[in-house]
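User: I'm new to this structure and would love a close look at one part of it. Could you pick a spot, start there, and then walk me through how the surroundings fit together?

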Amino acid sequence: MSIDLPYALTAEVTHRCPLHCPYCSNPLELQQRENELTTDEWLSVLEQAADLGVAQVHFTGGEPLLRQDLELLVRRAREAELYINLITSGVGLTEQRIRQLADAGIDSVQLSVQAASANLADSISGFRSHELKRQAAQLIRASGLPLNMNVVLHRANLHQIEEIIELCVQWGAQRLELANAQYYGWALHNVQQLLPRREQLEQAEADYARARERFRNQIELLWILPDYYEPFPKPCMGGWGKLSLTVAPDGRVLPCTASSEIRSLSFENVKQRELAWIWNHSPSFNAFRGSDWMSEPCRSCDRRELDYGGCRCQAFLLTGDARSADPVCKWSPHRDTITNRIRSIENLDDREPTYAYRGR
């Protein structure tokens, strides 16, 4: 089996974050500061990634701005001729910091937002951050860097989708990723509070279509499917170990940001192994490449080259077996785990939910 070169590296430089978002994709067991890779170790990772063929790096977390060596990492990525994207909450961004990051060679910034109104946004993030995000957007635009934005959509903010898009246009975003919540990590922990009812989602999709027409010449919009309500699963990261890799704060190398939750796998660490060896030869990266690992109904399914059997992380979290068909699939023998979850929220009211927050 031939192995493609990775296109992108997600560099999770820290799990530390000032926000406490209930849909955070970080694992429930967060890495502490003392376990984070050192500056020199991250510099080596970036050099190895470039040698491996990676074309772009996404610095994320947690909140990457909490790493005081971020500018050094950006500069090394620029020297390695990587495209550099910063994914941030914007909290802690100053005029001096964005200027230093721009001088170091950053190419674009992706800023998160939680809702259109400050009260709701601050309630979701567990921190008074909305105004700080507005100021961060202003600083990013003033620096001349492209501003992209993202919002995780769920029961509490779906009704504001048009207002969220309008807000991002006003703040000067070129691109907005509307990401319906994906249920891993803290999002799975809070699924009862986050999962919308079908009628809410249908209304939001209509609102999105209207807003897309209204703002079609002002902003690029990307709609991430809410796969619990889809008949077929989304492709697993374009294929397990096919397009990208993630380096966690402690140095473990993962096929995707959520895969550390697959407890049946052991992931190699850049402290002990070279990145190229991990990509090409590690048991974890080869576990679900191709289709030989598949069981029925995936093995004989005509869609196996389209969705690769769906999400391995979701399969493990909902069935206990990462080789199972993604329960989202209508042909999966575990589809009832999804339908039962949807039924369980049908009669919930819309009072302000109580979340379990990361860091609390």
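Analyst: **A helix and its surroundings**

Let's begin just after helix H6, where Gly 172 takes a positive phi of about 95 degrees. Please keep in mind throughout that this is a predicted model.

Stepping back from that glycine brings us to H6 itself, residues 161-170. Of its 10 residues, 7 are buried, so the rest of the structure largely encloses this helix. The buried ones are Ile 161, Glu 162, Ile 164, Ile 165, Leu 167, Cys 168 and Val 169. As you turn the model, notice that this list includes Glu 162 as well as Ile 164 and Leu 167. What lies over these buried residues? The cover includes two helices, H5 (130-143) and H9, along with strands E5 (147-153), E6 and E7.

Several of those covering strands belong to a sheet, so let's follow them there.

The sheet is open and built from 9 strands, in the order E7-E6-E5-E4-E3-E2-E1-E8-E9, with mixed pairing. Strand E7 (220-224) and strand E9 (253-254) are its edges, each pairing on one side only. You can therefore read the order from one edge to the other, and E5 and E6, which help cover H6, come directly after E7 in it.

Further along the order sits strand E1, with E2 on one side and E8 on the other. E1 and E2 pair in the parallel sense over 5 bridges, and here Leu 9 stands opposite Val 57 in E2. Leu 9 also stands opposite Leu 245 in E8. The pairing of E1 with strand E8 (residues 244-247) is parallel as well, over 4 bridges, and Thr 10 stands opposite Thr 246 in E8. Helix H1 packs on the sheet here, touching E1, E2 and E8, and its direction makes about 170 degrees with that of E1. Another helix that packs on the sheet is H9 (residues 198-214), already met as part of the cover of H6. H9 touches strand E6 (175-180) and E7, and its direction makes about 165 degrees with that of E7.

Is E1 buried or exposed? This strand is mostly covered, with 5 of its 5 residues buried. Both of its faces are covered: Ala 8, Thr 10 and Glu 12 lie on one side, Leu 9 and Ala 11 on the other, and all are buried.

The loops beside these strands and helices hold some charged pairs worth a look. The side chains of Arg 67 and Glu 36 meet in a salt bridge, 3.3 Å from N to O. Arg 67 lies in the loop between strand E2 (56-60) and helix H2 (70-79), and Glu 36 in the loop between strand E1 (8-12) and helix H1 (39-52), so the pair ties together parts that are 31 residues apart in sequence. Both Arg 67 and Glu 36 are buried.

Arg 67 has another partner: its side chain also meets that of Asp 69 in a salt bridge, 2.7 Å from N to O. Asp 69 counts as buried, because its relative accessibility is 9%. For Arg 67 the value is 6%, so this arginine counts as buried too. Salt bridges that share partners join Arg 16, Glu 36, Arg 67 and Asp 69 into one network. Elsewhere, Arg 252 and Asp 250 meet in a salt bridge of 2.9 Å, N to O, and both of these residues are buried. Over the whole structure there are 18 salt bridges.

Since H6 has a buried cysteine, Cys 168, you may wonder how many disulfides there are. The whole structure has 0. Take Cys 301: its sulfur is 6.2 Å from the closest cysteine sulfur, in Cys 329, which is too far for a bond. Cys 313 is in no disulfide either, with the nearest cysteine sulfur, that of Cys 256, 3.6 Å away. A disulfide needs the two sulfurs within 2.5 Å. At 1% relative accessibility, Cys 313 counts as buried.

One last stop is the aromatic rings, which form 6 pairs. Phe 288 and Trp 293 make an edge-to-face pair, 5.1 Å from centre to centre with 75 degrees between the planes. Both are buried, and together with Trp 240 they form one aromatic cluster.

Definitions and conventions. Residues are numbered from 1 along each chain as its sequence is written. This is a predicted model: local features need pLDDT of at least 70, side-chain atom pairs count only at pLDDT 80 or more; totals for chains, interfaces and linings use all residues. Side-chain values use heavy atoms; hydrogens and water are left out. A salt bridge is a side-chain nitrogen of Lys or Arg within 4 Å of a carboxyl oxygen of Asp or Glu. Buried means under 20% relative accessible area, exposed over 50%, partly exposed in between (1.4 Å probe, protein chains only). Two strands pair if DSSP finds at least two bridges between them. Contact means heavy atoms within 4.5 Å. Axes are lines fitted to C-alpha atoms, for helices over the stretch in contact, and angles run from 0 to 180 degrees between N-to-C directions. Rings of Phe, Tyr and Trp (its six-membered ring) pair if their centres lie within 6.5 Å; planes under 30 degrees apart count as stacked, over 60 as edge-to-face and the rest as tilted.
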